[in-house]
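Biologist: Could you zoom in on one part of this model for me and walk me through how it sits in the rest of the chain? I'd like to start with a single strand and work outwards.

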Amino acid sequence: KGIGPIQIINSTIEMVKPGKLPSGKTEIPFEFPLHVKGNKVLYETYHGVFVNIQYTLRCDMRRSLLAKDLTKTCEFIVHCLSQKGKLTPSPVDFTITPETLQNVKERASLPKFLIRGHLNSTNCIITQPLTGELVVENAEAAVKSIELQLVRVETCGCAEGYARDATEIQNIQIADGDVCRGLPIPIYMVFPRLFTCPTLETTNFKVEFEVNIVVLLHDDHLITENFPLKLCRM
């Protein structure tokens with residue numbers, strides 16, 4: 001059972017009083033403060049699958065007699081205020097071998113491999129790329145592809161229970177083919193605008209992010225390592 005749309009802001013202003021517009025081009029300046037309803041919060045714009053946070057402007061032009069009223073709608077983008085203070089980097093070193101993998105039933109049949117690397121920080125500034133490095137130290141089977149997969153984890157809930165859904169935002173191939181052993185491969189991913197937002201936790205929903213490092217071997221073995229991320233705006 002989904003939660004219906006929750007309205008967090010609703011302002012209406014009259015831009016022009018009734019009358020005639022002169023012929024030619026007429027520009028009507030306007031502005032209005034973004035006042036929230038009650039104790040609601042203005043969250044940052046975010047386009048998800050199960051959670052959407054959107055702000056729209058609608059302009060209505062009422063016309064007389066048989067002329068049809070005109071309406072135009074457009075979205076505007078809201079960014080939350082930068083967080084005060086400095087972001088503490090949280091570097092992560094990783095080693096991937098058959099023994100470190102979880103949920104692998106046929107571990108004995110996996111070819112031997114050793115992959116090392118690091119992410120410079122899993123605490124990320126949303127306007128800066130996720131960076132790091134990966135090295136295939138050795139692998140018995142040939143490597144087919146190495147990819148970075150950005151995932152959003154949306155949790156929606158109410159009294160009846162919670163639903164947690166992970167969906168892919170983007171997939172970037174960082175290596176193609178059987179890479180040289182011992183060669184540092186750069187990890188670099190820009191967070192896409194609108195499809196990501198600062199990590200968010202409210203009473204009704206959560207929006208969190210993760211990155212998967214995915215290594216595909218030639219015998220179709222898929223090796224995946226998951227890293228939760230915390231995004232913020234500084």
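The strand I have in mind is β13, so here's my way in: which of its residues stands opposite E201?

Modeller: That's K206, which faces E201 across the strands. Keep in mind throughout that this is a predicted model.

Let's stay with that pairing for a moment. β12 is residues 200-201, and it runs antiparallel to β13 with two bridges between them. The connection is a hairpin, with three residues taking the chain from β12 into β13.

On to the next neighbour. β13 also pairs with β14, residues 222-232, again in the antiparallel sense, and here there are eight bridges. One facing pair to click on is F209 with L229 in β14. This connection is a hairpin as well, with four residues between the strands, and D220 takes a positive phi near 65 degrees there.

How covered is β13? Mostly: of its 13 residues, ten are buried. F205 is a good example, since its relative accessible area is 15% and that makes it buried.

F205 is also where the strand reaches out to a remote stretch of sequence. Searching the whole structure turns up five aromatic pairs. In one of them, the ring centres of Y43 and F205 are 5.8 Å apart and the ring planes meet at 80 degrees, so this one is edge-to-face; the cut-off for that label is over 60 degrees. Y43 belongs to the segment before β1 (46-47), while F205 is in β13 (residues 205-217), so the two rings tie together parts of the chain that are 162 residues apart.

Compare that geometry with the pair formed by Y55 and F76. Their ring centres are 5.9 Å apart with the planes at 40 degrees, so this pair counts as tilted. Y55 comes from β3 (residues 55-61) and F76 from β4 (residues 70-76), with 21 residues separating them in sequence. The two rings get different burial labels: Y55 is buried at 3% relative accessibility, whereas F76 is partly exposed at 22%.

Carry on along the chain from β4 and you get to the loop between β4 and β5, where S90 sits. S90 is a close call on burial: its relative accessibility is 19%, and the cut-off is under 20%, so it goes down as buried. The side chain of S90 makes a 3.0 Å polar contact with that of T122. T122 has company, too: leaving out residues up to four places away in sequence, S90 touches N120, S121, T122 and N123.

The following loop, between β5 (92-96) and β6 (113-119), holds L101. L101 is buried as well, at 8% relative accessibility. If you want a yardstick between this loop and P198, the C-alpha atoms of L101 and P198 are 29 Å apart, with their positions 97 residues apart in sequence.

β5 and β6 also belong to a sheet worth a look. It's an open, antiparallel one made of four strands, ordered β5-β6-β8-β11. β5 and β11 (185-189) are the edge strands, each paired with a single partner, so each has one side without a neighbour in the sheet. From one strand to the next, the twist averages 20 degrees. At the β11 end, β8 (residues 130-139) pairs with β11 through five bridges, running antiparallel. T131 and Y188 in β11 are one facing pair there.

Now zoom right out. There are 14 strands and zero helices in the protein. Its radius of gyration is 25 Å, well over the 17 Å that the globule rule gives for 234 residues, so the protein is more spread out than a compact globule. The C-alpha trace spans about 80 × 45 × 40 Å along its principal axes. Over the whole protein, 35% of the 234 residues are buried.

The long-range contact between Y43 and F205 has plenty of company in the contact count. Take the contacts with a sequence separation of 6 or more: 64% of them are between residues 24 or more positions apart. Back at your starting strand, then, β13 pairs with β12 over two bridges and with β14 over eight, and ten of its 13 residues are buried.

Definitions and conventions: Residues are numbered from 1 along each chain as its sequence is written. This is a predicted model: local features need pLDDT of at least 70, side-chain atom pairs count only at pLDDT 80 or more; totals for chains, interfaces and linings use all residues. Side-chain values use heavy atoms; hydrogens and water are left out. Rings of Phe, Tyr and Trp (its six-membered ring) pair if their centres lie within 6.5 Å; planes under 30 degrees apart count as stacked, over 60 as edge-to-face and the rest as tilted. Buried means under 20% relative accessible area, exposed over 50%, partly exposed in between (1.4 Å probe, protein chains only). A polar contact is a pair of N or O atoms within 3.5 Å; within protein, one must be able to donate a hydrogen and the other to accept it, and residues adjacent in sequence count only if both atoms are side-chain atoms. Contact means heavy atoms within 4.5 Å. Two strands pair if DSSP finds at least two bridges between them. Axes are lines fitted to C-alpha atoms, for helices over the stretch in contact, and angles run from 0 to 180 degrees between N-to-C directions. The radius of gyration is taken over C-alpha atoms; the globule rule is 2.2 Å times the number of residues to the power 0.38.
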